[in-house]
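Let us look at a structure together. Some questions and answers will help.
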Amino acid sequence: MYEQVSHSLLNDILNQIKPAISKQDLRHFYTRLGANFYAIHSLFEKLYGHRPDFHQQAQNLVETMARQYIQRPKKLRQLDLERERDYNWFLSQKWVGMALYCGGFAGDLTGLRQRLNYFNELGVNLIHIMPIMLCPEGSSDGGYAVSDFRQIDPRAGSLEDLNQLSKAMQQREQLLVLDVVVNHTSDQHDWAKRARAGESKYQDYYYTFETRTVPDMFEQNMPEIFPQNAPGNFTWDEAMGRWVMTVFNEYQWDLNYSNPAVFIEMLDIILFWANQGADILRLDAVAFLWKKIGSPCQNEREAHLILQLFKDCCQVSAPGVIFIAEAIVAPMELTKYFGEDAVIAKECEIAYNATFMALMWDAVATKNARLLNQGIKSLPVKLERATWLNYVRCHDDIGLGFDDRDIALCDYEPLSHRKFLIDYFTGQFADSHARGLPFGQNEKTGDARISGSLASLVGLQHALETGDNQAADDAIKIIQLLHAMILAFGGIPLLYYGDALGTTNDDSYLDDPFKMGDSRWVHRPAIDWDKAALRNTAGTVEHKIFSSLKRMIAVRKEISVFADFNNRELIEVENPHLFVFGRYNLNKQSERVLVVANFHGKPQHLNLQDIGTWSPRFGRMVDLCSGKSPDSFNGSLVIPGFGFYWLSET
């Protein structure tokens, strides 16, 4: 396709654009549209150019972008300009995030606004509010089965409450992260209701079929996401008299992105939430956006084209907003969601580092870093203008999606090693104090994932219940160790609400008939703020954890090498219990930090000869968190049990 074709189409579109749009001040919009339209047209034509309504849909696309630009508040437009100038703003080491359920954290959005001081106290300045859009009670999948993309669940509050929260956060220089569920809707969404009533327009918004012939062809290659609770990928809808694709749950209908009207509707929704003050939008289940017979219907090339198109369109209407890709897939597939440009993230600027998370949990269970080191070696290098979300825990289960080759290279048998991990974290292993629960057990394969709060998985719940002070101290050290890793690794560290207070499993979900079958609710607690106040009382578990994390966060923000510019070097050492890497300044060799983690409960030594050029050259090494030099003996550093160092030479 020649560039002249896209220019000609753009001229036609602008000549036909509605007067209500063309009369507005669109200076920056037109500049960005002109700069991005060749890419937008190329992608839109590749996806939908075969359709007879292509030109009309292209007209609708541009008018949708223009309307949302017009509705964008003046303050957010100014922020767009600032972030265009400082385009690496999100790579700074100064960002530290927390993910939370609004109801569990503070009751509702108003309560959350009243708790903003908590984030300031801890040092968190990026707040991810889990889904708050309208969902049916009971069939909500924790907020991911949306029945109205432009309304907030009344239990959380209102759009006005969100706007007040957004303004308060802007005053505190805190970033707001919101979810947009792009892969599916609730079966109670208006589109689904109209499809169910027989409107062919809305039946084409989903994948619906009169017979099982096509679904059966899909099923030959599609895996089951929730084999225990939602087997299969299609559900018969009696009222509609058709089979509908339901990859996640029978009440979540997959959207049909081969229909350009669906893409435009979802772009409109993305820009709507950008205009409500979201700095970052988490796009849910992006690996599933394109369905193709004969494939697993995950990670398809067209899914990436859709994300690129979302990104290019957003850069026209709201360029200050960036995307998180919620894609829990193999590392080689995951980095593709940044985009395949050599430098710039052309799809999503941020992605979850699920591999790093799972590898750290392996190190906790095995008390060694063999698989952690091997897995990090296999982790692809990200783009320069993209970054990881590094996390210890999240709202979801812990999957064990390690590469079998990496497991084998560590002299483990893949199947039995995964079984060991499941047994360990569910407390079935003899030496384990973990109190996790299995999730998503697949009777066919024996596979399972793990639920449980951080404190309960590392043994703190067991220690508190049994009065074992030594076990409690060890559990707290592991909590500190894991957070030290996500704070230093490179990317945006994302804490999970309750973890900074040592919150244990919440079994109250068993009393709720809508939740009792989903063990993930055990780690989605309601914060006890009276108990949380103990974070200010010296000697308490809450104070030990909170104060140490507060200190680490403050130190991180002052150390420029913790910014994420692909400035990390993995250092392989002889001691298998240690995980060691270096962070450095690309422009100043003298600025560097050596990170050392001991995943064993007993002290371990690090031979300085093992770390080569990272050994001290001129002065002594000082731990940035404690301000003290580590113990050493005969050319080796001594790292305490479950201890860590952020070492800088002075």
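What follows is a short talk about helices and sheets.

Reader: What should I know before we start?
Author: This is a predicted model, where local features need pLDDT of at least 70, side-chain atom pairs count only at pLDDT 80 or more, and totals for chains, interfaces and linings use all residues. Residues are numbered from 1 along each chain as its sequence is written, and side-chain values use heavy atoms, with hydrogens and water left out.

Reader: At what angle do helix H3 and helix H4 pack?
Author: Helices (H or I, at least four residues) and strands (E, at least two) are DSSP runs, numbered from the N terminus. Two packed helices are described by the angle between their axes and the distance between the axes. Axes are lines fitted to C-alpha atoms, for helices over the stretch in contact, and angles run from 0 to 180 degrees between N-to-C directions. H3 (residues 27-48) and H4 (residues 54-71) have axes 11 Å apart, and the angle is about 145°.

Reader: Which residues of H4 meet H3?
Author: Contact means heavy atoms within 4.5 Å. From H3 come residues including Phe29, Leu33 and Phe37. In H4 they meet Phe54, Gln57, Ala58, Leu61, Val62, Met65, Ala66 and Tyr69.

Reader: How far apart are the end C-alpha atoms of helix H5?
Author: The expected span of a helix is 1.5 Å times one less than its number of residues. H5 (residues 74-85) has twelve residues, so it should span 16 Å. The model agrees, with its end C-alpha atoms 17 Å apart.

Reader: Which residues of H5 are buried?
Author: Buried means under 20% relative accessible area (1.4 Å probe, protein chains only). The cover over these residues includes H3, helix H9 (159-171) and strand E5 (175-181). The buried residues are Leu76, Asp80, Leu81 and Arg83.

Reader: Which strands stand at the edges of the sheet E18-E19-E20-E25-E22?
Author: Two strands pair if DSSP finds at least two bridges between them. This open sheet of five strands has antiparallel pairing. Each edge strand has a single partner strand, so one side is left without a neighbour in the sheet: these are E18 (568-571) and E22 (621-623).

Reader: Which residue stands opposite Phe581?
Author: Strand E19 (residues 578-584) and strand E20 (residues 592-598) run antiparallel, joined by seven bridges. Opposite Phe581, in E20, stands Val595.

Reader: What is the order of the open sheet of three strands?
Author: Its pairing is antiparallel. E23 and strand E24 (residues 636-639) pair over two bridges. The order is E21-E24-E23.

Definitions and conventions: Buried means under 20% relative accessible area, exposed over 50%, partly exposed in between (1.4 Å probe, protein chains only).
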